[in-house]
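Please take a moment with the sequence and the model shown here, and then follow the paragraphs below, which go from one loop residue outward to the parts around it.

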Amino acid sequence: MGARVRILLVEDDRRVAAALSSALTRRGYEVEHAATVAAALSAAPCDLVLLDLTLPDGDGTDLCRELRRRSSQLGIIAVTARGEERDRVLGLRLGADDYVVKPFSMTELQARIEAVLRRAAHAVPERNLIEVGPVRVDVAARTVTVAGRPVALTRKEFDVLLSLARQPGVAVARERILLDAWGTTWGDGHTVEVHVGSLRGKLGDARLVETVRGVGYRLRGE
């Protein structure tokens with residue numbers, strides 16, 4: 001996935017869409033809104049879709065089927081007032097990863113988003129060895145060397161480094177690092193800052209991990 005988690009919100013009620021977009025943006029997500037099936041199908045690539053099943057120009061279940069046909073790794077959560085068991089079963093069979101019935105709390109939705117994103121991330125084959133400049137990460141063994149020198153990291157320091165190493169040279173948002181290392185995007189950004197500071201010290205060259213102001217951090221690819 002990209003440096004920030006991109007969510008496509010497919011919802012025809014503009015007041016609901018505005019409230020959800022605002023809440024998700026505050027939690028660090030990049031949100032695009034589509035009010036129709038046509039707009040959803042022409043939207044930019046994203047990591048996860050929040051999909052209302054009742055739309056003005058078509059049925060959300062058909063859209064769900066088409067989105068799943070396009071990508072087996074896209075996260076899809078049906079967010080709808082259709083709470084009958086047959087509706088939930090149909091949505092899941094057509095490719096939705098989860099099903100949330102309105103009304104719901106943002107805490108519940110946040111937890112479900114994180115769970116779907118974790119499953120999607122784990123479905124992507126991981127390279128066993130990642131080399132970024134002098135940094136070499138052995139994912140399976142969970143070991144790190146810098147210019148051939150072994151570096152002892154804590155579990156969280158390793159997870160933070162791995163989050164950066166997966167996207168060398170790319171600015172990785174603090175929320176993305178929180179999700180990769182702590183399993184949540186809703187937390188204290190200072191926690192990431194502290195672990196990055198410790199990681200820089202252990203790598204022996206603070207310039208290897210650059211701060212990208214207003215976004216997060218980047219592992220230098222050169």
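Arg 142 is found in the loop between E9 and E10, and, in this predicted model, it offers a convenient place to begin. The phi angle of Arg 142 is near 55 degrees, which is a positive value in a residue other than glycine. Most residues other than glycine have a negative phi. Is Arg 142 buried, exposed or partly exposed? Its relative accessibility is 39%, and because buried means under 20% and exposed over 50%, Arg 142 counts as partly exposed.

The two strands on either side of this loop make a hairpin with four residues between the strands. Strand E9, which covers residues 135–138, pairs with E10 in the antiparallel sense, and four bridges join the two. Asp 138 stands opposite Thr 143 in E10, while the bridge partner of Val 135 in E10 is Val 146.

Strand E10 itself, made of residues 143–146, has side chains that alternate between two faces: Val 144 and Val 146 point to one face and are buried, whereas Thr 143 and Thr 145 point to the other face and are not buried. E10 also pairs in the antiparallel sense with strand E11, residues 149–151, this time over three bridges, and in that pairing Val 146 stands opposite Arg 149 of E11. E10 and E11 form a hairpin as well, with two residues between them. Ala 147 is found in the loop between E10 and E11, and the phi of Ala 147 is near 55 degrees, again a positive value in a residue other than glycine. With a relative accessible area of 67%, Ala 147 is exposed.

These pairings belong to an open sheet of four strands, in the order E8-E9-E10-E11, with antiparallel pairing. Strand E8 (129–132) and E11 stand at the edges, and each has a single partner strand, so one side of each is left without a neighbour in the sheet. From one strand to the next, the twist averages 25 degrees. Helix H6 packs on this sheet, where it touches E8, E9 and E10, and the direction of H6 makes about 110 degrees with that of E9.

A further open sheet is built from three strands in the order E12-E14-E13, and here too the pairing is antiparallel. Strand E12 (172–173) and strand E13 (209–212) stand at the edges with a single partner strand each, so one side of each has no neighbour in the sheet. Helix H6, residues 155–165, packs on this sheet by touching E12, E13 and E14, and its direction makes about 75 degrees with that of E14. Two bridges join E12 to strand E14 (residues 216–219) in the antiparallel sense, and within this pairing Val 172 stands opposite Tyr 217 in E14.

Next along the chain from E12 comes helix H7, residues 174–182, in which Arg 176, Ile 177, Leu 178, Leu 179 and Ala 181 are buried. Just after H7, Gly 183 takes a positive phi of about 75 degrees.

Elsewhere in the chain, a peptide bond deserves a look: the one from Lys 102 to Pro 103 is cis, with omega near -5 degrees. Most peptide bonds are trans. Pro 103 lies in the loop between strand E7 (98–101) and helix H5 (106–122).

Attention can now turn to empty space in the model. What volume does the second largest pocket have? The second largest pocket has a volume of about 190 Å³, and its lining includes Leu 8, Ala 40, Leu 41, Pro 45, Cys 46, Leu 67, Arg 70 and Leu 74. Helix H2 (37–41) and helix H3 (60–70) are the elements that give two or more residues to this lining. Sorted by class, the lining of the second largest pocket has nine nonpolar residues, one polar residue and one charged residue.

To close with the chain as a whole, its secondary structure comes to eight helices and 14 strands. The chain has 222 residues, of which 45% count as buried. Among the contacts in the chain with a separation of 6 or more, 57% are accounted for by residues 24 or more positions apart.

Notes: Residues are numbered from 1 along each chain as its sequence is written. This is a predicted model: local features need pLDDT of at least 70, side-chain atom pairs count only at pLDDT 80 or more; totals for chains, interfaces and linings use all residues. Side-chain values use heavy atoms; hydrogens and water are left out. On a 1 Å grid over the protein atoms alone, a cavity is a set of points where a 1.4 Å probe fits but cannot get out, and a pocket is an open set with protein on both sides within 12 Å along at least five of seven lines; lining residues have an atom within 4 Å of a point. Grid points are joined across faces, edges and corners, and a volume is the space filled by probe spheres set on the points. Ala, Val, Leu, Ile, Met, Phe, Trp, Tyr, Cys and Pro count as nonpolar, Asp, Glu, Lys and Arg as charged, and the others, Gly among them, as polar. Two strands pair if DSSP finds at least two bridges between them. Contact means heavy atoms within 4.5 Å. Axes are lines fitted to C-alpha atoms, for helices over the stretch in contact, and angles run from 0 to 180 degrees between N-to-C directions. Buried means under 20% relative accessible area, exposed over 50%, partly exposed in between (1.4 Å probe, protein chains only).
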